[in-house]
Amino acid sequence: MGATRRLIRVADRGVRMAAPSDDVAPGSDVKLRALDEAPVGVTITDPDRPDNPLVYVNDAFEEITGYDRDEVVGRNCRFLQGPDTDADAVAELREGIDARESVVVELLNYRKDGEAFWNEVKVAPLWNDGEVTNYVGFQTDVTARVRAEREVREDRASLEHLVDRLDGLLGDVTEVVVNANGRDEVAVGVCERLAAADTYSFAWLGDVDRAASEVRPRAWHGRDGVDADALAVPTERTDHPIVRAIRTGEFQHVTAAEAAGVVPFGGVSGVAAIPLTYRSTTYGVLVVYTPDPAALNDVEATVLESLGRTVATALSANESRRLIAADQIVTLALETEDRSLFFVDLSARLDGELDYRGAVSRASTPTLFFAADAPTKDVLAAAEAVPGVDGVDVVGDGNGALFEFRVSEESLVGPLADRGGRVREISARNGRARIEVDLPAGADTRGIVEGIQERYPDAEVVRYRERERPPTGEDEFAAAVEDRLTERQSTALQKAYFAGYYDANRRVTGADLAESMGISRATFHQHLRAAERKVFAALLDE
Ligand SMILES: Cc1cc2nc3c(=O)[nH]c(=O)nc-3n(C[C@H](O)[C@H](O)[C@H](O)COP(=O)(O)O)c2cc1C
């Protein structure tokens with residue numbers, strides 16, 4: 001410790017500091033000033049006096065501790081210690097001093113005003129002729145560092161706890177939802193699993209029953225003698241946390257005090273209402289009760305929120321699967337003039353019709369394909385003025401060209417897909433669009449229509465038809481292929497197909513398609529061939 005050794009020499013020559021600093025030998029002024037003004041606390045004690053009292057303290061010591069020099073010189077430095085000072089740290093100091101060795105400890109000390117601070121104390125003996133004449137001590141206030149270290153430790157501990165909980169509870173719930181067969185099995189499995197967790201005593205999963213205008217449980221677990229009526233909440237109670245969770249899509253934490261108004265039985269000290277939201281759709285709410293008032297902390301909220309997303313994803317996938325598997329499907333036709341739908345707006349600016357050809361699903365930017373029977377330059381010029389259209393690429397030329405619209409908001413197609421719906425057809429002309437959607441029979445048709453009308457108030461259902469679908473397996477095949485394609489491969493394949501690349505007398509070349517995707521021809525063909533290979537493999541191998 002270089003600094004210490006240098007100071008020892010200062011003190012050696014600076015004579016025995018039995019008295020305060022005034023009678024220092026001539027020539028030591030500079031050194032003494034250096035001590036006085038050093039940026040760390042400096043203290044010197046005299047072990048020849050009873051109880052090894054302080055004989056010198058510098059300015060920084062006064063600043064750190066809040067004591068004046070006069071108040072402390074003549075006292076042993078232990079007056080800085082207090083109720084929460086660690087006895088082991090004090091013992092370490094004592095043993096070091098008794099053994100005449102240097103010692104460094106970090107311990108809790110108290111300022112004159114009573115405020116605690118973390119003090120890093122280094123004490124070293126000063127030798128003269130084989131005798132210890134004095135001890136010198138350095139004090140540094142390390143409160144900020146100790147607190148920061150403690151926070152890091154706590155963060156790490158809570159992160160480890162989070163990982164454990166994610167691994168445990170979330171892992172179990174994921175297993176339940178993956179293996180469940182249908183919506184009700186998901187609901188029952190999730191409630192059983194949650195109510196079995198140490199933290200929770202009761203869990204229920206509900207959704208909006210539109211006929212009854214209430215949030216109604218589908219499944220519950222953890223207590224006998226509870227019925228659905230006791231748990232249901234009228235949707236008009238908009239201040240109720242469970243209704244709020246569904247309406248806002250945000251996690252709601254109900255404290256012990258509020259729980260009484262929310263829970264139909266006693267022994268509950270906290271409630272969490274977790275919205276089951278996947279993309280833009282809320283499938284319901286998961287409600288858990290805990291007897292432990294401290295259980296629902298930030299970490300737990302994070303776990304429960306991811307759990308909610310997992311369950312919602314499963315419910316969404318379940319609806320999509322139902323469409324694929326359904327023999328009975330419902331076809332809805334809607335008409336709207338709502339210009340917030342970009343194709344409605346665009347068609348109002350064009351003399352011609354727009355026809356939906358498909359969408360790239362899972363794209364980071366929602367992308368929809370339309371054919372237009374209007375001159376390409378007119379479509380491009382009109383699209384410039386349409387809000388929400390971020391970019392347009394065109395493949396082919398003249399009437400009947402294919403346009404790829406990149407839009408900032410998923411227009412209908414994505415949100416419907418999330419609910420198991422599939423857009424069959426969109427045609428837009430003169431600012432009016434007709435949209436045909438397939439829904440699995442048994443899907444919440446009314447809820448879906450209400451959702452659409454909430455967004456596009458003038459939308460009206462012009463046709464509703466239930467029909468048998470021959471079990472061709474085509475949709476399963478399409479879904480299986482779609483799953484394997486990357487976004488780029490899917491774009492390349494859809495573009496090529498819709499633009500007529502596979503037609504007998506093809507209108508577009510690979511170069512056109514590559515250019516429209518902003519990639520080289522070689523890259524385009526790579527994506528296309530990879531996509532073709534996957535389609536053929538799905539068709540021929542399986
Ligand atoms: C030079 C010197 C400086 C010291 N500075 C501090 C200090 O800042 N804070 C503290 O808690 N103890 C400090 N101590 C330790 C106490 O004075 C005392 O040695 C310690 O409490 C162990 O002895 P005890 O068990 O008799 O109290 C210092 C000791 C010496 C010799």
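**Exercise 1. Find out what share of the protein's contacts between residues at least 6 apart in sequence join residues at least 24 apart.**

*Solution.* Start with the term: contact means heavy atoms within 4.5 Å. Among contacts between residues at least 6 apart in sequence, 58% join residues at least 24 apart. Keep in mind that this is a predicted model, where local features need pLDDT of at least 70, side-chain atom pairs count only at pLDDT 80 or more, and totals for chains, interfaces and linings use all residues. Residues are numbered from 1 along each chain as its sequence is written, and side-chain values use heavy atoms, with hydrogens and water left out.

**Exercise 2. Describe the place and surroundings of Gly41.**

*Solution.* First, locate the residue: Gly41 lies in strand S1 (residues 41–45). Strands (E, at least two residues) and helices (H or I, at least four) are DSSP runs, numbered from the N terminus. The protein has 19 of each, helices and strands.

Next, is Gly41 buried or exposed? Buried means under 20% relative accessible area, exposed over 50%, and partly exposed in between (1.4 Å probe, protein chains only). With a relative accessible area of 0%, Gly41 is buried. Of the protein's 542 residues, 47% count as buried.

Last, look at the neighbours. Leaving aside residues up to four places away in sequence, Gly41 touches Asn58, Ala60, Phe61, Ile64, Gly137, Phe138 and Gln139. Gly41 and Thr140 are 99 residues apart in sequence, yet their C-alpha atoms are 6.2 Å apart in space.

**Exercise 3. Work out how H6 and H7 are oriented to each other.**

*Solution.* Two packed helices are described by the angle between their axes and the distance between the axes. Axes are lines fitted to C-alpha atoms, for helices over the stretch in contact, and angles run from 0 to 180 degrees between N-to-C directions.

The axes of H6 (residues 143–179) and H7 (residues 183–196) come within 9 Å and cross at roughly 160 degrees. Angles under 35 degrees count as roughly parallel, over 145 as roughly antiparallel, 65 to 115 as roughly perpendicular and the rest as oblique. So H6 and H7 are roughly antiparallel. Among the residues making the contact are Leu169 and Val173 of H6, and Val186 and Val190 of H7.

**Exercise 4. Do the same for H17 and H18.**

*Solution.* H17 (residues 487–498) and H18 (residues 510–517) pack at about 135 degrees, with their axes 11 Å apart. This pair is therefore oblique. The contact involves Arg488, Thr491, Ala492, Lys495 and Ala496 of H17, together with Leu513, Ser516 and Met517 of H18.

**Exercise 5. Compare the settings of Arg100 and Asn430, two residues with positive phi.**

*Solution.* Take Arg100 to begin with: its phi is near 60 degrees, a positive value in a residue other than glycine. Arg100 sits in the loop between helix H5 (87–98) and strand S3 (103–110), and is partly exposed at 43% relative accessible area.

Now turn to Asn430, whose phi is near 50 degrees. Asn430 is in the loop between strand S17 (422–429) and strand S18 (432–440). Its relative accessibility is 57%, so Asn430 counts as exposed.

**Exercise 6. How many disulfides does a search of the whole structure find?**

*Solution.* A disulfide is a pair of cysteine sulfur atoms within 2.5 Å. The search finds zero. As for two cysteines, Cys77 is partly exposed, with a relative accessible area of 22%, while Cys191 is buried at 0%.
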